Amino acid sequence: MTGRTSLLLLSAAVASTLAGCASFYEIPIETPIAAKLDVSAFQRVYIAGFLSGGTSDIDGNLETVRLLRSQLRTKSSLRVVDADVLPLIKDAGGTGPQGAQGLGAGPAAEARQAATGEIRNEKDLQLYEHIFGDAEYWKRVGEEHQGPLIVTGTILFTPHSQSGMVQREREVIDPLGRRRVEPVREYMERKGFILQEKIVFIDGRTGAQLHSEAWREERLYNQNDTTPALSSFFELMDEIIPRFLSTLSTQRVRGSRVLIK
Amino acid sequence: MRCRLPVIVALIALLGGVVYADARSDARAQVEFGIAVAQRGLWKEALYRWERATQIDPPYAAAFNNLAVGYEHEGQLDKAADAYERALKLEPENAMVRQNFELFKEIHDRSNQSSTP
C-alpha cells in the first residue's frame, strides 16, 4: 500500500466517522462499456464507403465517411487510412455471383437497372448488399491498404412525415399570476427524416466479415420548421456515433448514482 | 421449570436481537467506510467493504445497492445487475435503489443494442 493510499484511507476513516448524519450520497461514476469487437489485431482502419440512398439532398456516403473518419481520428487508437471512397454501387454491379455483369436477368438485372437510377428504399439497397459477402473483393481492397479493419455498410436517409396526436408542454398563467407548465395534446402534422444505417466490419487481411450493426433513428419536426436535411442528418448521426465507437473501443459513460447507508 | 421457560425464551429473543443489531452495525460500519473511500476514488477498497457488508448482514439492501454501484463503476455489469436485483428484492419500495437500477439498465441496454453478427 502506498503512502498516498494510506493517507486517503485514513482521511476516509475520519470522514466516515464525521459524516454520520446523512443517509445517502450522490456520487459520480464512469461506467466502462467494453468494445464489442476485438480490434487489437489491427493498426489501421479504412472507412471504405457506403451504399447510400434516400433523399438526394445530401450525399449520405461522403458525409458518413467524413464524419466517421474524423471521429475515429480523435476517439480511437487506430490509424485512419485517408484514401478515396470506394464506388460501392458501381463495384457491386460488377462483382460476385449476383453481379449485374454476369447475369442478364433477375436480381442482377434489377441491380444494373437500379445502378442507373437512385436507391430509394431498403429493397433497392438489398440488390447491392451481396458485395459485403465478397471476400475476394475486400481482400483486394485490404491489400491496397496493408490489411486494415475495413468499415463499410449501408445508409438510407429518407424524408418522412407523420400526423397524429402529439403531447407538448404549454406555459399558462393562472389567475394569481403564477406561471406553470401543463401538458396539452394536439393534432399535428410533422415532417422529418429517418436514418437507417448498417455498419459492416471486414477483416482487410482475409476479406471476411467480422461483425455488423444496424441502427434506425428518426427525427420529426413541426410542419412549419424548415430544418435542412443536412442538419437533421447530423442530429441523427449524433445518436448513432457513440454506438459505432463503442463497437470499436471501450467507452466510458458518465453518470451519477446514489450510495445508501 | 415452568416459570423459567418464558425467561429463557425472552433471553434467546434478546440475544438474537443483539446478534442481529451487531451484524447490522458491523455491516453499517463497512458500508460507511466504503462510501467514504468511494468518494475519494478508491473503488476497489469500497467494493471490498461492501462485499464484506453483504456477507456480514445478507438482508442489508443498502450494502447490495452500493455494491451494485461499485460493480457498475468497474464495468462488471452482470454482477451489478445481480446486486441491484438483490437490493430490490430486499427493499422493493426503495426509490433510490430503483432510480439507480433504472439508470443502470439504460446503459446496459444501450451497450447491448442491435447487433447482427
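In this predicted model, helix 3 (residues 61-73) and helix 4 (residues 77-90) of chain B pack at an angle of about 160 degrees, their axes lying 8 Å apart. Angles over 145 degrees count as roughly antiparallel, so helix 3 of chain B and helix 4 of chain B fall into that class. Their crossing is left-handed. On the helix 3 side of chain B, the contact is built from B:A61, B:F64, B:N65, B:L67, B:A68, B:Y71 and B:E72. Helix 4 of chain B answers with B:L77, B:K79, B:A80, B:A83, B:Y84, B:R86, B:A87 and B:L90. Sorted by character, the residues of this helix-helix contact come out as 11 nonpolar, 1 polar and 3 charged.

Over in chain A, there is a sheet to look at. Five strands make up an open sheet with mixed pairing, and their order is 3-2-4-5-6. Strand 3 (79-80) and strand 6 (209-222) of chain A sit at the edges, each pairing on one side only. Helix 2 (residues 60-75) of chain A packs on this sheet, where it touches strand 2 (44-54), strand 3 and strand 4 (149-173) of chain A. The direction of helix 2 makes about 150 degrees with that of strand 2 of chain A. At the strand 6 edge, strand 5 (residues 179-203) of chain A runs antiparallel to strand 6 of chain A, and 13 bridges join the two. Within this part of the sheet, A:L195 stands opposite A:E217 of strand 6.

Then comes the meeting of the two chains. Here 30 residues of chain A are in contact with 30 residues of chain B. On the chain A side, helix 1 (3-18), strand 1 (24-33), strand 6, helix 7 (229-248) and strand 7 (251-260) each supply at least two residues. Strand 6 of chain A thus turns up twice: as an edge strand of the sheet and as a contributor to the side that touches chain B. The largest share of that side, 8 residues, comes from strand 1 of chain A. As for composition, the chain A residues touching chain B split into 18 nonpolar, 6 polar and 6 charged.

A word on confidence in chain A. The average pLDDT of chain A is 83, and 82% of its residues score at least 70. Residues 95-106 of chain A are another matter, with pLDDT staying under 50 throughout. The model still gives this stretch 25 contacts beyond four places in sequence. Where pLDDT is low, the predicted coordinates should not be read in detail.

Conventions
Residues numbered from 1 in each chain as written. Chains lettered and ligands numbered in written order. Predicted model: local features only at pLDDT ≥ 70, side-chain atom pairs only at ≥ 80, totals over all residues. Pairing = 2+ DSSP bridges. Helix = DSSP H or I, 4+ residues; strand = E, 2+ residues; numbered from the N terminus. Contact = placed C-beta atoms within 7 Å. Axes fitted to C-alpha atoms, helices over the stretch in contact; angles between N-to-C directions. Nonpolar A, V, L, I, M, F, W, Y, C, P; charged D, E, K, R; others polar. pLDDT = per-residue confidence, 0-100. Parallel < 35°, antiparallel > 145°, perpendicular 65-115°, else oblique. Left-handed = near helix turned anticlockwise from the far one by under 90°.
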